[in-house]
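Work through these exercises with the model open beside you. Try each task before you read its solution.

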Amino acid sequence: MKKSHVILDELGYLAKAAQLRAYAPYSRFKVGCAIRTKSGLIYQGCNVENASYGATICAERGAVMQMVANGDREIEACAIVVPGDIPAIPCGMCRQVL
């Protein structure tokens, strides 16, 4: 197996673990994210909903905030997990942050 496949498998596993910790009482759409940086460190995030929709944080942005708070800046790979077989892409705000 290629190194890149091993990295993506690990990120997928960690994104799934983060998804299980998501707080989504309104949409019930739990999302998990795992980001690996060029330094080799991995950061996880999950969506955290709020009754005030604008205060909701997406999984991708949660992971990026942890990454930046830790002093990392360069993303090497990212995995995002959503419920079921629903094809999904990051929202516009998350794409901008990523």
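**Exercise 1: Charges**

Count the positive and negative side chains of the protein, then find how far apart the centres of the two sets lie.

*Solution.* The protein has 11 positive side chains and 8 negative ones. The centres of these two sets lie 2 Å apart. Keep in mind that this is a predicted model.

**Exercise 2: The fold**

List the elements of the protein in order from the N terminus. Then compare its radius of gyration with the globule rule.

*Solution.* Step 1: the protein holds three helices and three strands. Step 2: from the N terminus on, they run α-β-β-α-β-α. Step 3: the radius of gyration is 13 Å, close to the 13 Å that the globule rule gives for 98 residues, so the protein is as compact as a globular protein of that length. Step 4: along its principal axes, the C-alpha trace spans about 40 × 30 × 20 Å.

**Exercise 3: Inside and outside**

What percentage of the 98 residues is buried? How much of the accessible surface belongs to carbon and sulfur atoms?

*Solution.* Step 1: buried residues make up 36% of the 98 residues. Step 2: the accessible surface comes to about 6,200 Å², and 57% of this belongs to carbon and sulfur atoms.

**Exercise 4: Helix α2**

Name the buried residues of helix α2, and find elements that cover them.

*Solution.* Step 1: helix α2 covers residues 59–69. Step 2: its buried residues are Ala59, Glu60, Arg61, Gly62, Ala63, Val64 and Met67. Step 3: their cover includes β1, β2 (42–46), β3 (75–81) and α3 (92–97). Step 4: look past the helix. Glycine 71 follows α2 and has a positive phi, near 95°.

**Exercise 5: Two arginines**

Is arginine 28 buried or exposed? Is arginine 36 buried or exposed? Then find what surrounds arginine 36.

*Solution.* Step 1: arginine 28 sits in the loop between α1 (3–19) and β1 (32–37). Its relative accessible area is 63%. Exposed means over 50%, so arginine 28 is exposed. Its phi is positive, about 60°, although arginine 28 is not a glycine.

Step 2: arginine 36 lies in strand β1. Its relative accessibility is 16%. Buried means under 20%, so arginine 36 counts as buried.

Step 3: leave aside neighbours within four places in sequence. Arginine 36 then contacts Ile7, Leu11, Leu41, Ile42, Ile75, Glu76 and Ala77.

Step 4: pick out glutamate 76. Arginine 36 and glutamate 76 are 40 residues apart along the chain, yet their C-alpha atoms are separated by 5.6 Å. Their side chains make a polar contact at 2.6 Å.

Terms used: Residues are numbered from 1 along each chain as its sequence is written. This is a predicted model: local features need pLDDT of at least 70, side-chain atom pairs count only at pLDDT 80 or more; totals for chains, interfaces and linings use all residues. Side-chain values use heavy atoms; hydrogens and water are left out. Helices (H or I, at least four residues) and strands (E, at least two) are DSSP runs, numbered from the N terminus. The radius of gyration is taken over C-alpha atoms; the globule rule is 2.2 Å times the number of residues to the power 0.38. Buried means under 20% relative accessible area, exposed over 50%, partly exposed in between (1.4 Å probe, protein chains only). Accessible areas come from the Shrake-Rupley method with a 1.4 Å probe; for residues, only the protein chains shown count as cover. Lys and Arg count as positive and Asp and Glu as negative; His and the chain ends are not counted. The place of a charge is taken as NZ of Lys, CZ of Arg, CG of Asp or CD of Glu. Contact means heavy atoms within 4.5 Å. A polar contact is a pair of N or O atoms within 3.5 Å; within protein, one must be able to donate a hydrogen and the other to accept it, and residues adjacent in sequence count only if both atoms are side-chain atoms.
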